[in-house]
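Let's take a relaxed walk through this one, a few side chains at a time. Keep the picture open while you read.

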Amino acid sequence: MLANFLIGLREGLEAALVVGILVAYLVRLNRRELLPALWTGVAIAVGASLAFGAALTFGPQGLSFEAQEAVGGILSILTVGLVTWMIFWMARTARHLKGDLQHELDDAVGTGRRAVLVVALLAVGREGLETALFLWAGAQATGRGSAGPLVGAALGLGLAVALGWAMYKGSIHLDLRKFFGVTGVFLVLIAAGVLSYGVHDLQEAGILPGINNLAFDVSSSVPPTSWYGTLLKGIFNFSPETTWLQAVVWVLYVVPVMWSFVRIAWAKPRKGAPARPQPSAVTAA
Amino acid sequence: MPSAARAAAALGSGLVVLVAVTGCVSNAAPEATSTTGAARIAVTSSADACDLSTSTAPSGTLTFTVSNTGSDVTEFYLYAADGKQVVGEVENIGPGLSRDLVVTAKPGTYVAACKPGMAGDGIRHDVTVTDSGTPVPTTGARASSRPPRRSAVPPVRSLLTAAGGPFRGEPLFA
């Protein structure tokens with residue numbers, strides 16, 4: 001039960017934290033009217049994952065390994081694109097806050113319902129199919145008379161959601177500038193992990209090379225089944241056995257994105273001067 | 001930026017449809033029908049053993065049903081003969097769970113591995129895939145034979161199958 005609990009926690013944690021941050025943004029920016037779009041995205045992702053997972057588990061057809069890896073890998077990379085865009089949206093917002101220019105702030109957060117919906121959809125749907133297949137396997141075990149695995153998995157997912165909620169509650173009282181600065185840095189690290197994970201999926205599917213060229217293997221000191229291994233994997237997608245391609249892609253993402261974010265969001269405001277117009281090139285990669 | 005979101009949404013839904021039409025393989029693959037090139041192999045993964053119900057299987061679609069009887073989370077891998085190149089993998093098999101790995105295998109020797117604790121090389125056994133006579137696509141592709149039609153196929157499923165007609169067996173990425 002504990003092992004299944006940790007799987008549920010790991011699979012749900014990153015999505016819950018991203019959604020928690022997104023909710024906190026919308027609330028802090030007085031854009032509560034976008035919350036229904038966000039919850040719609042979450043609901044579509046959960047519903048589609050469970051339905052697709054059930055069809056594959058109980059229906060006449062299963063999903064081939066290559067197809068599942070390709071879905072996981074490509075959705076991961078799409079998610080990184082969207083989250084990166086969100087990070088810079090945040091960075092611009094933080095900068096505008098310093099100028100106290102409410103109308104420019106409104107421009108910066110003049111983000112469509114659809115964008116919010118899609119970010120939430122991808123954040124949850126990315127690993128949704130794998131989680132759904134895991135849960136339906138638990139349901140099958142329950143059908144064979146052993147409810148422990150499903151209960152453990154559900155409790156783990158429940159804790160993940162609770163931590164996402166705690167993230168929202170904790171960050172909601174931060175000073176607004178600090179809130180954007182800190183959550184942005186956190187999101188850069190989450191997105192980098194998702195990118196590295198997507199690369200690993202595509203390596204396993206044979207779409208990208210180098211699955212056996214390990215940069216490091218610390219699985220003896222950070223066992224994937226331990227609670228800290230679970231948290232590192234669940235939040236930052238840290239893999240104790242990381243390939244060179246994963247490591248290189250992670251660094252190539254973190255260094256420029258973190259640098260740009262810190263430069264934009266943490267720059268000192270120029271006293272008395274209006275904030276500079278936004279460079280239009282600041283978009284998702 | 002909503003245009004980027006729209007593009008992502010379109011791409012995402014396109015991907016789902018693509019996988020739906022190319023990535024599905026028959027679940028109805030009991031060992032009794034193994035002459036058609038579809039077989040089910042039961043794998044029992046415990047703390048210190050990895051038992052396969054058979055070590056030979058006919059080429060085509062292979063379904064490994066991996067049951068975890070140990071107390072740790074396990075993973076199951078199917079490697080090529082070199083023991084390194086991953087042919088297929090299923091993870092998150094918690095204690096008490098049973099999950100399927102579906103692969104399309106050409107004739108040859110493979111290495112099956114259970115990895116209780118999700119690390120290391122795992123407990124390995126050779127698996128021999130014999131020529132069933134069913135043509136198997138070269139790489140990354142699904143079985144070319146259509147799954148047997150069932151009487152109570154859900155409408156969506158039959159729609160997908162119908163829509164997938166010309167694409168079945170095509171690799172997802174050429």
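## Rings that meet

Ring pairs join A:Tyr25, A:Phe179 and A:Phe180 into a cluster. One member of that trio has a charged visitor too: A:Arg28 lies over the face of A:Phe179, 5.4 Å from the ring centre. Bear in mind that you're looking at a predicted model.

How many aromatic pairs turn up in a search of the whole structure? The count is nine over all chains. Take A:Phe186 and A:Phe236: their ring centres are 5.9 Å apart and their planes sit at 90°, so this pair is edge-to-face. The two rings come from distant parts of the chain, with A:Phe186 in helix 8 (residues 176-204) of chain A and A:Phe236 in helix 9 (residues 227-236) of chain A, 50 residues apart. A:Phe236 has a relative accessibility of 28%, so it counts as partly exposed.

Now look at A:Phe216 and A:Phe238, an aromatic pair that is stacked, with 6.1 Å from centre to centre and 15° between the planes. This pair also links distant parts of the chain: A:Phe216 belongs to strand 2 (residues 214-217) of chain A, while A:Phe238 is in the loop between helix 9 and strand 3 (241-243) of chain A, 22 residues apart. A:Phe216 is partly exposed at 34% relative accessible area, and A:Phe238 is partly exposed at 26%.

## Opposite charges

Side chains of opposite charge can pair when their charged atoms come close. Searching the whole structure gives five salt bridges over all chains.

In one of them, A:Glu11 pairs with A:Arg10, and the closest N and O atoms are 3.1 Å apart. Are these two residues buried or exposed? A:Glu11 has 11% relative accessibility and counts as buried; A:Arg10, at 10%, is buried as well.

Another salt bridge brings together the side chains of A:Glu14 and A:Arg126, at 2.8 Å from N to O. A:Glu14 lies in helix 1 (residues 2-28) of chain A and A:Arg126 in the loop between helix 5 (113-125) and helix 6 (128-143) of chain A, so the pair ties together parts that are 112 residues apart in sequence. A:Glu14 is buried at 8% relative accessible area, and A:Arg126 is buried at 5%.

## Out at the surface of chain A

A:Met1, A:Val151 and A:Leu155 make a nonpolar surface patch of about 270 Å². You'll find A:Leu155 in helix 7 (residues 148-171) of chain A, where it is partly exposed with a relative accessible area of 46%.

Next stop: A:Pro209, in the loop between helix 8 and strand 2 of chain A. With a relative accessible area of 60%, A:Pro209 is exposed. Setting aside neighbours within four places in sequence, A:Pro209 is in contact with A:Gln203 and A:Leu245. A:Pro209 and A:Leu245 are 36 residues apart in sequence, with 8.4 Å between their C-alpha atoms.

## Over to chain B

Chain B has two helices and ten strands. Reading from the N terminus, the order is α-β-β-β-β-β-β-β-β-β-β-α. Of its 174 residues, 49% are buried. Chain B exposes about 7700 Å², and carbon and sulfur atoms supply 58% of that.

Chain B has a salt bridge to show you as well, between the side chains of B:Asp100 and B:Arg40 (3.5 Å, N to O). B:Asp100 is in strand 8 (residues 98-105) of chain B and B:Arg40 in strand 2 (residues 38-45) of chain B, 60 residues apart. Finally, B:Lys115 lies over the face of B:Tyr77, 4.0 Å from the ring centre.

Technical notes
Residues are numbered from 1 along each chain as its sequence is written. Chains are lettered from A and ligands numbered from 1 in the order in which they are written. This is a predicted model: local features need pLDDT of at least 70, side-chain atom pairs count only at pLDDT 80 or more; totals for chains, interfaces and linings use all residues. Side-chain values use heavy atoms; hydrogens and water are left out. Patches are made of residues with over 30% relative accessible area and no salt bridge: like charges are joined within 9 Å, nonpolar side chains (Val, Leu, Ile, Met, Phe, Trp, Tyr) within 5 Å. Accessible areas come from the Shrake-Rupley method with a 1.4 Å probe; for residues, only the protein chains shown count as cover. A salt bridge is a side-chain nitrogen of Lys or Arg within 4 Å of a carboxyl oxygen of Asp or Glu. Helices (H or I, at least four residues) and strands (E, at least two) are DSSP runs, numbered from the N terminus. Buried means under 20% relative accessible area, exposed over 50%, partly exposed in between (1.4 Å probe, protein chains only). Rings of Phe, Tyr and Trp (its six-membered ring) pair if their centres lie within 6.5 Å; planes under 30 degrees apart count as stacked, over 60 as edge-to-face and the rest as tilted. A charge sits over a ring if NZ of Lys or CZ of Arg is within 6 Å of the ring centre and within 35 degrees of the ring normal. Contact means heavy atoms within 4.5 Å.
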